[in-house]
There are 2 protein chains.
Amino acid sequence: MKKTNSTFIALFMSFSIVAQTDSTIIKKIFNDALTNSKSYSNLEYLCKKIGGRLAGSPQTQKAVEWTFKAMKEAGADTVYLQECMVPHWVRGDKEIAKVFTANAKSFKQVPICALGGSVATPKEGLTAKIIEAIGIDDLKKLGKENIEGKIVFFNEPMDPTFIGTFHGYGKAVMQRWAGAKEAAKYGAVGVVVRSVTLAQDDNPHTGVMAYEDGITKIPACAISTNGANWLSNYIKSDKEATFYFKMNCETLPDEKSYNVVAEIYGSSKKDEIITVGGHLDAWDNGEGAHDDGAGIVQSIDVVRIYKSLQLKPKCTIRAVAFMNEENGGRGGKKYAELAILKKEKHIAAIESDAGGFSPRGFSSSMSAKQKAILKSWKPLLEPYGLHDFENDGGGADIEPLHEQLGTPVLELMPDSQRYFDYHHTAIDVFEAVNKRELELGGASMAALIWLISEYGL
Amino acid sequence: MKKTNSTFIALFMSFSIVAQTDSTIIKKIFNDALTNSKSYSNLEYLCKKIGGRLAGSPQTQKAVEWTFKAMKEAGADTVYLQECMVPHWVRGDKEIAKVFTANAKSFKQVPICALGGSVATPKEGLTAKIIEAIGIDDLKKLGKENIEGKIVFFNEPMDPTFIGTFHGYGKAVMQRWAGAKEAAKYGAVGVVVRSVTLAQDDNPHTGVMAYEDGITKIPACAISTNGANWLSNYIKSDKEATFYFKMNCETLPDEKSYNVVAEIYGSSKKDEIITVGGHLDAWDNGEGAHDDGAGIVQSIDVVRIYKSLQLKPKCTIRAVAFMNEENGGRGGKKYAELAILKKEKHIAAIESDAGGFSPRGFSSSMSAKQKAILKSWKPLLEPYGLHDFENDGGGADIEPLHEQLGTPVLELMPDSQRYFDYHHTAIDVFEAVNKRELELGGASMAALIWLISEYGL
């Protein structure tokens with residue numbers, strides 16, 4: 001199959017002189033990313049030499065130091081750290097789970113992992129009867145009489161019919177987030193949560209969960225979807241089956257950590273800031289490749305692209321590696337706090353935290369007027385596969401900027417079909433990322449930043 | 001990150017009653033594909049139980065029988081075969097290539113594979129000095145005096161700056177297709193062609209090549225991109241290096257084979273045919289997962305979707321598994337030939353032959369008026385990630401229909417970033433395909449067929 005360049009040519013010819021200049025710059029940005037980017041080799045380093053890097057871990061300290069250096073090498077005018085205190089949860093030994101038959105004479109091992117923030121089981125593990133609930137709403141129906149003293153098995157699957165997989169995630173993740181505290185209110189002694197993914201495999205997906213003051217903290221783990229399907233079937237036939245699991249995770253005192261911030265000074269509006277970032281922390285069980293090594297190396301590449309092409313943006317561009325998005329969001333909060341303290345003028349912020357997949361557009365949280373401006377740039381961005389500007393939402397790390405300063409925020413929207421296959425698992429590794437898809441994401445943000453810097457929102 | 005459904009709701013509400021019905025049907029099609037599709041398990045069977053299936057091989061016969069059965073099981077009103085004679089080229093033993101230093105005392109082995117249709121080397125292999133050419137145009141510059149008696153190493157890389165990777169493929173593939181016959185005109189004794197891919201790895205990419213009547217047939221192989229980069233560097237420092245390769249591929253007499261055709265009879269315009277298809281043959285070195293098992297199982301799923309949802313299309317839908325796209329196109333030619341012979345009325349044909357990746361739109365070869373109708377359906381298709389209707393081109397198997405009957409033809413356009421990583425290699429396997437991305441492709445074709453059947457083009 002051969003394709004012509006007629007689309008490009010036709011689009012380019014229809015623009016005014018000004019737009020032609022923008023389109024030329026955007027073309028240069030993409031060309032540079034697809035030929036000179038260091039995103040892929042940077043991601044390899046971050047994943048393979050540093051690896052999983054949950055806030056408070058020695059790996060995050062290494063990651064902070066490496067990112068500082070990489071931002072310098074990308075040519076930033078300045079690089080500095082923003083100190084913040086972060087939670088420090090550790091997983092401990094590899095978790096074990098077994099399902100025992102009614103007579104307790106045989107068992108099947110199932111793949112689990114502790115949810116982030118969970119308390120440990122007793123040292124010898126926890127054994128109890130198990131009861132299935134399809135989401136949190138089921139707890140009320142089941143009632144205390146059926147739940148007390150048992151382990152609740154939350155088994156609501158993600159809805160596969162949403163085209164954008166984040167829609168389905170938003171609903172199904174509630175049982176992971178709040179399952180333990182809600183089940184504890186009914187006297188449950190532990191929870192096992194179906195992994196929030198559309199993939200059918202043996203990988204348990206971790207992720208953060210929360211307790212509630214005054215409610216007993218019970219241990220919570222994720223089970224793989226294959227494990228969940230098996231368990232759901234099994235306990236239908238063996239009502240006396242028991243579930244055993246053993247975890248020795250714990251929450252240690254808060255640790256000192258950092259956001260890493262790089263700047264390219266604006267040529268005429270130095271005090272007007274456009275932030276671009278991802279989060280540097282990642283779950284400890286994988287390498288944090290899609291979540292969110294991709295966002296980090298793409299943000300570094302934005303700096304490299306501007307310097308490599310000697311582009312002079314009117315506004316200051318800040319590439320930020322946020323700390324602790326996964327289980328606290330302290331880096332994002334600190335960033336907004338300092339912005340307020342220093343009376344900074346933030347005209348836009350963009351985050352890449354939906355994986356290093358082929359970009360398709362940007363979601364945004366901003367006024368209708370600002371959204372109209374964003375959409376007016378569509379003809380310039382569509383030749384690069386950026387078609388979708390309809391969805392709402394910015395990234396978690398820049399949400400505080402939006403809430404507290406009213407900054408318009410955006411998130412890079414890559415194709416979402418594969419994201420939850422890898423999300424928070426041992427298979428979120430460097431090899432799961434495609435070089436070109438990764439590079440296109442960095443270029444997409446660099447192009448949008450150019451337009452925002454030139455014309456404002 | 002949570003996304004709302006506001007995009008969907010806003011789009012749906014803006015349509016007329018008729019459009020609402022269409023949008024409801026399209027939503028059902030996608031829901032069904034994402035919950036009940038057999039595409040993924042069908043692809044697993046085709047890849048793992050049958051595997052590589054080059055025209056004329058015993059595997060293609062198995063594939064024909066399996067496809068016949070699968071189309072029946074999908075609920076087709078009728079399934080039948082269209083006989084055609086196909087070329088029968090066999091690779092023979094695994095190919096070997098070595099680069100010898102000037103003194104011939106040491107060597108490095110490099111990964112190669114025969115190009116489809118190549119003649120064998122002499123039994124003991126072929127050894128000669130090697131000369132690099134960056135594309136076919138370089139032959140003239142080098143001249144007979146530099147080429148005669150040597151092996152030409154075509155090393156034009158794919159241009160990475162095209163966003164759609166097929167654009168870069170179209171240019172770089174010429175040295176694979178015509179390199180041997182053109183080099184032979186200058187007295188070359190063999191050719192080694194850089195694999196047509198943007199990936200940097202050790203996989204040689206096969207693909208069809210052609211000889212010219214009256215020109216000596218010289219053996220032709222592909223070398224991996226890593227191998228090509230190494231070779232290019234090495235021969236710059238060691239001008240006396242020789243290249244050795246050994247292949248015992250051969251072309252056997254033509255074999256009988258088949259297109260597999262399934263029909264859903266049209267309710268009111270039974271004689272008006274909409275074809276949807278992919279090609280059943282695949283290179284022998286991999287499993288033909290993206291190229292083009294994906295197109296086959298998606299076409300079968302179109303039948304399943306219509307039957308499962310009890311949709312009654314006005315026109316007849318024909319799902320076709322074409323034979324011999326890779327090295328002859330005999331199935332596609334036969335299909336058009338029979339259409340003319342039977343005076344069939346073909347109102348449109350759609351092929352899926354660009355991989356089982358996340359769909360982004362349709363390319364097409366049709367009149368401006370027809371293209372305008374196609375684009376008028378964009379609001380109905382955009383909620384499913386189908387944004388791009390600008391590109392030209394239909395699939396190779398339906399091109400004869402277009403040329404000989406003027407049938408408007410389309411090709412499903414999935415995201416193209418990863419396609420040439422796998423194309424014609426040993427790693428084009430089932431595991432390289434994502435279940436949802438595959439399913440969305442089938443649903444996209446089913447949705448477009450609905451609109452064409454209802455409103456015509």
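Let me start with the seven-stranded sheet in chain B of this predicted model. The sheet is open, and its pairing is mixed. Reading across, the order is β1-β10-β12-β11-β13-β15-β14. At the edges sit β1, residues 78-90, and β14, residues 359-365, each of which pairs on one side only. From one strand to the next the twist averages 20°.

Now the individual pairings. β1(B) and β10(B) run antiparallel and are joined by 12 bridges. If you want a place to look on screen, find B:V90, whose bridge partner in β10(B) is B:E250. Moving inward, β10(B) is joined to β12(B) by five bridges, again antiparallel. There, B:V261 has B:V320 in β12(B) as its bridge partner. Further across, β13, residues 345-351, and β15, residues 409-414, run parallel in chain B, with three bridges between them. In that pair, B:A349 is matched with B:V409 of β15(B).

Which helices pack on this sheet? One is α9 of chain B, residues 289-308. Helix α9 touches β10 (250-264), β11 (269-279), β12 (315-322) and β13, and its direction makes about 150° with that of β11(B). Another is α10 of chain B, residues 330-341, which touches β1, β10, β12 and β13. For α10, the angle to the direction of β1(B) is about 140°.

Next, the eight-stranded sheet. This sheet of chain B is also open, with mixed pairing, in the order β3-β2-β9-β5-β6-β7-β8-β4. The edge strands here are β3, residues 107-109, and β4, residues 112-114, each pairing on one side only. The twist averages 30° from one strand to the next. At the β3 end, β2 (residues 96-100) is joined to β3(B) by three bridges, and the two strands run antiparallel. B:V99 is the residue to pick there; in β3(B), B:K108 stands opposite.

Helices pack on this sheet as well. Helix α5 of chain B, residues 137-147, touches β5 (126-133) and β6 (151-154), and its direction makes about 145° with that of β5(B). Helix α7 of chain B, residues 174-184, touches β6, β7 (190-194) and β8 (220-223). The direction of α7 makes about 155° with that of β7(B).

Let me switch to chain A for the overall layout. Its secondary structure comes to 15 helices and 15 strands. The radius of gyration of chain A is 23 Å, close to the 23 Å that the globule rule gives for 457 residues, so the chain is as compact as a globular protein of that length. Along the principal axes, the C-alpha atoms of chain A fill a box of roughly 80 × 50 × 40 Å.

How is chain A divided into domains? The domain assignment gives domain 1 as 6-87 + 253-455, and domain 2 as 92-248. Taken over C-alpha atoms, the centres of the two domains of chain A are separated by 34 Å. Where they touch, 14 residues of domain 1 of chain A are in contact with 16 residues of domain 2 of chain A. On the domain 1 side, those residues divide into five nonpolar, seven polar and two charged.

Last topic: the two chains together. The contact takes 40 residues from chain B and 40 residues from chain A. On the chain B side, the elements giving two or more residues are α1 (6-13), α2 (17-36), α6 (165-172) and α15 (435-455). The largest share comes from α2(B), with four residues. By type, the chain B side divides into 11 nonpolar, 19 polar and 10 charged residues.

How do the two copies relate? Chain B can be laid on chain A with an RMSD of 0.0 Å, by a turn of 180° and a shift of 0.0 Å along the axis. The two copies are therefore related as by a two-fold rotation axis. In chain B, the C-alpha nearest that axis belongs to B:H387, at 3.3 Å from it. And 100% of the interface residues of chain B are also interface residues in chain A, so the copies meet through the same surface.

Technical notes. Residues are numbered from 1 along each chain as its sequence is written. Chains are lettered from A and ligands numbered from 1 in the order in which they are written. This is a predicted model: local features need pLDDT of at least 70, side-chain atom pairs count only at pLDDT 80 or more; totals for chains, interfaces and linings use all residues. Two residues are in contact if their C-beta atoms, placed from the backbone, lie within 7 Å. Ala, Val, Leu, Ile, Met, Phe, Trp, Tyr, Cys and Pro count as nonpolar, Asp, Glu, Lys and Arg as charged, and the others, Gly among them, as polar. Copies are superposed by least squares on the C-alpha atoms of residues with pLDDT of at least 70 in both. Two strands pair if DSSP finds at least two bridges between them. Axes are lines fitted to C-alpha atoms, for helices over the stretch in contact, and angles run from 0 to 180 degrees between N-to-C directions. Domain bounds come from an automatic or database domain assignment. The radius of gyration is taken over C-alpha atoms; the globule rule is 2.2 Å times the number of residues to the power 0.38.
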